[in-house]
Amino acid sequence: MLGISPDEVGILALSLRVAAVSVICSLPLAILVAYGLARFSFPGKTLVDAIVHLPLVLPPVVVGFALLLLLGKHGPVGSVLDEWFGIVFAFRWTGAALASALMGFPLMVRAIRLSLEAIDQRIEIAARTLGGSRLWVFASITLPLALPGIITGTLLSFARGLGEFGATITFVSNIPGETQTLPLAIYTFTQVPGGDALALRLSVIAVVLSLVALATSEWLTRRSQRMQGNDRR
Amino acid sequence: MIDVDIDQRLGTFHLAVRFSADAPIVGLFGRSGAGKTSVINAIAGITTPARGQICIGGVSLFDAAKGINLPPEERRVGYVFQDALLFPHMDVRSNLLYGQKLRSPEDRFIDEARVVELLGLDAMLRRKPNTLSGGEKQRVAIGRALLAQPRILLMDEPLAALDVPRKTEILDYIERLRDELSIPIVYVSHSVAEISRLADTVVILSDGKCVAVGDVDEVMGRLDLRPATGRYEAGSLIETKVAAHHVEDQLTTLAFDGGELFVPQVDASIGERVRARIRARDVSLATQRPEGISILNVLAGCITAVDAGAGPIVDVQLAVGGATLNARITRRSLQQLGIHVGQNVYALVKAVSLDQRSVGYA
């Protein structure tokens, strides 16, 4: 297909898988955290907010190193997960997904929180007086109304996951076929003599991928806004 | 039957309201900040009072002493908000059915077809809320509340966001609900015109307290409630029957035990009860029956009270047959005519001052 080699397809598939899994697994938690931050005030809220935002301001390498210390084979959390549940993140593609999820998490939470805060809460109260339980109102009113923010947050996090480099390479290293995502592969090619052409090919793929993600996001957001009757008519 | 007895602190505002009312439409009247919305929020379960009880039609929704506090979704209280608050992501039909789907079939007393017919929603079922006018939105909001099969309908200034023609339209629809459904309505407003047209019993709130409960005509006419009902809004309500239509003049005569009133044509059949609201500033007084004037309504009455406030304007109350009429005149006129309690006078009311909005079905 367009002269893309099987190796390149493998790199691309791995990158998409890592980004997709990271987004799918972090979305429910992001919605929960965003809802908590948008709707409730509780002691330590500022701290929670800061921790959520930490990956945004920390050097990614630091995040990766922290993951390595905590979730590495001999780390305090990693060893427990390995012994009790047989779950290993270190040097696996799931670890790359975890690193992507963590790096994209603040972007996701921010976008969802903003759209939750924009909802007129009296609409939810109206739904309660019509017989909707808290949970049903959340599912039938709050979530659909927050959909533009959820879409934006998901795509931002997805794009962040595709581009994730520092945390990934520090935590799960650069193993072809297992943890070598698109940015890691590009980096690797630039480090070998004569690899520039291959790096360029992958870079073009990355650009195309990003454009497709952006366009999809734009299209989905417009669609959901039209569904909500927010378009200018 | 609506029984409310609640105490609630809302910031620095203290709400302590106690009233019982039993009427098709109970008006909750007071100036802004009097606590009207706080009362119906407590009835709907949106806020929780510190003390007291709320009982609607024999069902206890809240009783602090007994530890009863039903959540809003279990109270079956229909709430129509000032600005409709339709669900923007659903079309009109989905909005209407939202509550109905959540109620068990044995609680249903009204179906979709009836609501659509009552509120004239047929043409807009597939439309999204953002394409509706303010009046249409409010009609959908009323229909949505009704289909949630409520025990009672709470309306919080449902006309406040509408222009005058829309207000009249919604008032007509609310009157239809009152006449055709047997669901009690609590109607919150700071407008004397709306309350007097719709309500049978009125609860007057002032500064978080209930200052009067009673028949609309009686309570709204009381001079001692002026601080709560507002001086500017002063007026009187007269229960009348349609006596005759004068097709050639496009006038209608309304009869009551103090005489007859000419008003611009009213859309009601002869013998039907209607309520006329006469603003105090539209009533002039004369000590003798005047001759050669354009004013059609000249009513003989007797002065029963003179408001002893300061300032250039004086409110005077007079008995015209069994009805009470308020007149607003200058202090100068009061002195020049020597008006005093017990005096027989003539009240003059221009027919043109009684427009469509001041005459409503009783």
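**Exercise 1. Work out how many helices and strands chain B has, and whether its size fits a globule.**

Step 1: count DSSP runs, numbered from the N terminus, taking helices as H or I with at least four residues and strands as E with at least two. Chain B comes out with 10 helices and 21 strands.

Step 2: take the radius of gyration over C-alpha atoms, and set it against the globule rule, 2.2 Å times the number of residues to the power 0.38. For 362 residues the rule gives 21 Å and chain B has 22 Å, which is close, so chain B is as compact as a globular protein of that length.

Step 3: box the C-alpha atoms along the principal axes, and you get roughly 65 × 50 × 35 Å for chain B.

A word on the input: this is a predicted model, where local features need pLDDT of at least 70, side-chain atom pairs count only at pLDDT 80 or more, and totals for chains, interfaces and linings use all residues. Residues are numbered from 1 along each chain as its sequence is written, with chains lettered from A and ligands numbered from 1 in the order in which they are written.

**Exercise 2. Find the domains of chain B and how far apart their centres lie.**

Step 1: the bounds, from an automatic or database domain assignment, are 2-228 for domain 1 and 235-361 for domain 2.

Step 2: the C-alpha centres of these two domains of chain B are 32 Å apart.

**Exercise 3. Describe the side of chain A that touches chain B.**

Step 1: with contact meaning C-beta atoms, placed from the backbone, within 7 Å, 19 residues of chain A meet 21 of chain B.

Step 2: α6 (121-129) and α7 (134-145) of chain A each give two or more residues to that side, and α6(A) gives the most, seven.

Technical notes. Contact = placed C-beta atoms within 7 Å.
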